[in-house]
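Please walk through the model below with attention to its charged contacts, its internal space and its surface.

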Amino acid sequence: MNTLPIIIPSLATLGYFLLIICIRFLDVFEREPYKVIFTNFIFGILGYMIAALIYSPLISLFNLSNFDLPNLKLLIYFSVILSSLILLIFQIITALISRNIFKKEFDTAPDYIIYFATIGIGFNFAEMFLYHFLSRTNINFLSEFSNNLFFSSFFTGGTLPFLMAGIGMAFYLNQLSKSKKNLILKRISNYIILIAILFQIIFYTGSYFLMISNSPHSLTSSNIFLANAIKDFANSISQLFLLISLGLAVIFDGYIISNFVLDLIKSSNFSEKKIKDLSSFNNPFSYIINKNFREVLGLKPVSNNLQKKYKSFAKLALKSFNDNKNKSIYISEALSLFD
């Protein structure tokens, strides 16, 4: 039995999840539960299957061959554009369904990045697995279904999870713009989503040139070389979405903590000693580096009690940021940590 249809997507998925674990480690406030991450991965798989089931018969439903198309090349062009839009739209829909189900889990930028990216990982796993698995079947319907999936499985590859991370950050900024009534954040959010969609379309348009005069399972060596070049370019751009998203997440997390520290200082007469103690709460590394990592890095160890204070302080800072009306309550609770 050929195990490649299982090994290939599994190795790719493992690499993505290692990246997710690293991003999760950087969450200052509360790290995402693994069960929710895995559930979103399953959502991604289900979302892709629904998208594929809709896309595959869509070409036959429209009966594009009856249209006044100059030649088959335009048909292929239309197919890849349609495929890109359906996949991206269903990823976003699936992610929004997840956000509605796990509302309490979606409260920080890293949450949106991780959960949206995990949806993309599920899509990526499903498309690779289904294409490789179904292409080996002798059943005509499934073989034709596999050929339709070729337009997505051969080209998207590693771009989907990274693009979804950027789109996740955009949705977080959009939510923030509503609660803070900030039009600039809303514009940034719209630009990120627009660029992601345009990039997906442009990327698929580029893949059209590779598909000219080739059947799905008979690409020439020169076309395979071109495909790899296109993939590398697409992966680089999509990874840029992830880096920008992480950068924005770090900035927002730092802002939330530092802003809460300033609120505490303004609300009470802090002694010089208390201000010195408070300075450690303004350091993001205080929240993400646990006792074991401190020992490895040779940093000064902290007590379990202080570690609990860090966690409590971070949660209060986040609550104050998201619930400005009750800020005084959270400030009062935070001040009690220093008594």
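D263 counts as buried in this predicted model, because its relative accessibility is 14% and the cut-off for a buried residue is under 20%. Its partner in a salt bridge is K327, and the closest N and O atoms of the two are 3.4 Å apart. K327 has a relative accessibility of 23% and therefore counts as partly exposed. The bridge thus has one partner on each side of the cut-off for burial, D263 being buried and K327 partly exposed. Side chains of opposite charge can pair when their charged atoms come close. In the chain, the two partners belong to distant parts: D263 is in helix α8 (residues 221–267), K327 is in helix α13 (residues 327–336), and 64 residues separate them. How many salt bridges does a search of the whole structure find? The search returns one.

Helix α8 also holds I265. I265 is partly exposed, because its relative accessibility comes to 33%, and partly exposed means in between the limits of 20% and 50%. The C-alpha atom of I265 is separated by 9.8 Å from that of I331, although these positions lie 66 residues apart along the chain.

Another pair that is distant in sequence involves K319, a residue of helix α12 (residues 304–322). Its C-alpha atom and that of I256 are separated by 9.8 Å, with the two residues 63 apart along the chain. With a relative accessible area of 45%, K319 is partly exposed.

The helices named so far belong to a wider pattern. The protein has 13 helices and zero strands, so that reading along the sequence gives α-α-α-α-α-α-α-α-α-α-α-α-α. Of its 339 residues, 47% are buried.

The next topic is the space left inside. Rolling a probe the size of a water molecule over the atoms shows where empty space is left. Across the whole structure, two cavities of 30 Å³ or more are found. The largest cavity has a volume of about 50 Å³. Its lining consists of Y16, L19, I20, I23, A117, I121, P161, F162, A165 and L242. Three elements give two or more residues to this lining, namely α1, α4 (109–134) and α6 (159–180). Which of the elements gives the most to the lining? It is α1, with four residues. By class, the lining has ten nonpolar residues, no polar and no charged ones.

Helix α1 has a part on the surface as well. A nonpolar patch there is formed by I7, L11, L14, L18, I21 and Y34, which together have about 600 Å² of accessible area. Helix α1 (residues 4–25) supplies the largest share of this patch, five residues. L18, one of the patch residues, is found in this helix. Helix α1 therefore contributes to two nonpolar groups, because the residues lining the largest cavity count as nonpolar and α1 gives four of them, while the surface patch takes five residues from this helix.

A last point concerns the backbone after α6. K181 lies in the loop between α6 and α7 (183–211). Its phi is near 50°, a positive value in a residue other than glycine. Is K181 buried or exposed? With a relative accessible area of 76%, K181 is exposed, because the limit for that class is over 50%.

Note on methods: Residues numbered from 1 in each chain as written. Predicted model: local features only at pLDDT ≥ 70, side-chain atom pairs only at ≥ 80, totals over all residues. Heavy atoms only, no water. Patch = residues over 30% accessible without salt bridge, like charges linked within 9 Å, V, L, I, M, F, W, Y side chains within 5 Å. Areas by Shrake-Rupley, 256 points an atom, 1.4 Å probe, with all protein chains shown as cover. Salt bridge = Lys/Arg side-chain N within 4 Å of Asp/Glu carboxyl O. 1 Å grid on protein atoms, 1.4 Å probe; cavity = no way out; pocket = protein on both sides within 12 Å on 5 of 7 lines; lining within 4 Å. Points joined across faces, edges and corners; volume = space filled by probe spheres on them. Buried < 20%, exposed > 50% of the residue type's maximum accessible area, 1.4 Å probe, protein only.
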